[in-house]
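Welcome! Here is a short briefing for anyone meeting this structure for the first time. Take a look at the sequence and the model, then read on.

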Amino acid sequence: MFVNLDDVPVIKEIDLQAVPKQSKQRFWLHITSDGIGTPLYIPVIIIRGKSDHHIVGITAVVHGNELNGISVVQKLVKNIDPKKLTGTIICVPVSNVPAFLRQQRDFSNGVDLNRIMPGDQWGNESDVYAYRLISKVINEFDYLIDLHTASFGNINSFYVRANMNLPEIVQLAWLQNAQIIVHKESFGTLRYAAERLGIHAITVEIGNPNRFEKQVISNAYDGIINTLICLNMLDGAIHHPEEPAIECESSYWIHTDRGGLLEVFPKLTDFVEKGEVIAQISNIFGDVLETYEAPESGIVVGKRTHPVNPTGGRILHLGLPVT
Ligand SMILES: [Zn+2]
């Protein structure tokens, strides 16, 4: 049966041939249902160009409170003229609908959807949701740009996570004009699962959760336009950044070993030297209990801003630049 929600058709699978060339179409994709049997729909927008070529997928909100990607998708859908496009763009402005509705990072059963990809057809509710997201939507793509932000209580630079051992991915990563590129394989993520399907995939970290931030939205948009130009899907000149990205061969979070109020000193994208004091912890009476030093020299990819710090809390995401 075919129903319409606000005149947007409901589909169970993506059928690209049903979308006329040189058109933009919106869909509600029925992915799973809740306990009373009401369907859960994922919004999907397909922009089909004048001829078939690559299929580029843009996904946002795999973590339910990471919202900047929604605006990036809306900007793309508004600005791209399908008559001037070669190939197809498939946009998913909200990938993790149950988490988005709860205004939280994780799926409705408390699971991080971006740690269990590609899911399991016969698993629990988050496993099935992940499996169907991959099999019904992501599987259609040749390229994937997955848009994220920092998690609650942390801030991020504008950076790309990518498997820099793969040449096509190296090019994709550099096209985003990010401040930092971090090499990561990241088992269990949407990006990793897409790579296993032969899809060229990167993750772009754009700003902070629970808000729309104009500047990073615009930066991420420019990176996607660069990508479309480079893939011969749009005409135009590739926009190069004022400062090239700092490429890191690895990165990791530095954690605390005691609880208290945390203050982290360096700013995003600062270079820190091995041994430099990067943070301190005070007790609730204001006495400094401990200072922390950078274990090696590197660049600040992200940092904790929330001062309440249990033992083992995050301090700083340190990137180790390629030498
Ligand atoms: Zn995320």
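Is cysteine 230 buried, partly exposed or exposed? Cysteine 230 has a relative accessibility of 23%, so it counts as partly exposed. Keep in mind that this is a predicted model. The points below start with the cysteines, then move on to two helices, a strand residue and some backbone details.

**Cysteines**

- A search through the whole structure turns up zero disulfides.
- A disulfide is a covalent bond between the sulfur atoms of two cysteines.
- For cysteine 230, the closest cysteine sulfur belongs to cysteine 91 and lies 18 Å away, which is too far for a bond; a disulfide would need the two sulfur atoms within 2.5 Å.
- Cysteine 248 has 0% relative accessibility, so it counts as buried.

**Helix H3**

- Helix H3 covers residues 125–137, and its 13 residues should span 18 Å at 1.5 Å a residue. The C-alpha atoms at its ends are 18 Å apart, in agreement with that expectation.
- The buried residues of H3 are Ser126, Asp127, Val128, Tyr129, Ala130, Leu133, Ile134, Lys136 and Val137.
- Those buried residues pack against three strands, S3 (23–33), S4 (39–48) and S6 (88–92), and against two helices, H2 (97–102) and H5 (190–196).

**Helix H6 and its partner H4**

- With 17 residues, H6 should span 24 Å at 1.5 Å a residue, and its end C-alpha atoms are indeed 24 Å apart.
- Many names appear among the buried residues of H6, including Val216, Ile217, Ala220, Tyr221, Ile224 and Ile225.
- The cover over the buried residues of H6 includes strand S5 (55–60), helix H1 (68–79), S6, strand S7 (143–148) and H4.
- Helix H4 (residues 167–175) packs with helix H6 (residues 214–230) at an angle of about 135°, and their axes are 8 Å apart. The two helices are therefore oblique to each other.
- On the H4 side, Gln171, Leu172 and Leu175 make the contact, while H6 brings Gly223, Asn226, Thr227 and Cys230.
- The residues of this contact comprise three nonpolar, four polar and no charged.
- After H6 comes asparagine 232, which has a positive phi near 60°.

**Valine 160 in strand S9**

- Valine 160 sits in strand S9, which covers residues 159–162.
- What is the relative accessibility of valine 160? The value is 0%, so valine 160 counts as buried.
- Beyond its neighbours within four places in sequence, valine 160 is in contact with Ala173, Gln176, Ala178, Ile180, Ile181, Val182, Ile202, Thr203 and Val204.
- Valine 61 is 99 residues away from valine 160 along the chain, and their C-alpha atoms are separated by 16 Å.

**Backbone details**

- Most residues other than glycine have a negative phi, and most peptide bonds are trans.
- The peptide bond from methionine 117 to proline 118 is cis, with omega near 10°. Proline 118 belongs to the loop between H2 and H3.
- Glutamine 103 is also found in the loop between H2 and H3. Although glutamine 103 is not a glycine, its phi is positive, at about 55°.
- Asparagine 177 lies in the loop between H4 and strand S10 (180–183). Asparagine 177 is not a glycine either, yet it has a positive phi of about 55°.
- Which of these settings is buried and which exposed? Glutamine 103 is exposed, with a relative accessible area of 65%, whereas asparagine 177 counts as buried at 16% relative accessibility.

Definitions and conventions
Residues are numbered from 1 along each chain as its sequence is written. This is a predicted model: local features need pLDDT of at least 70, side-chain atom pairs count only at pLDDT 80 or more; totals for chains, interfaces and linings use all residues. Side-chain values use heavy atoms; hydrogens and water are left out. Buried means under 20% relative accessible area, exposed over 50%, partly exposed in between (1.4 Å probe, protein chains only). Helices (H or I, at least four residues) and strands (E, at least two) are DSSP runs, numbered from the N terminus. The expected span of a helix is 1.5 Å times one less than its number of residues. Contact means heavy atoms within 4.5 Å. Axes are lines fitted to C-alpha atoms, for helices over the stretch in contact, and angles run from 0 to 180 degrees between N-to-C directions. Angles under 35 degrees count as roughly parallel, over 145 as roughly antiparallel, 65 to 115 as roughly perpendicular and the rest as oblique. Ala, Val, Leu, Ile, Met, Phe, Trp, Tyr, Cys and Pro count as nonpolar, Asp, Glu, Lys and Arg as charged, and the others, Gly among them, as polar.
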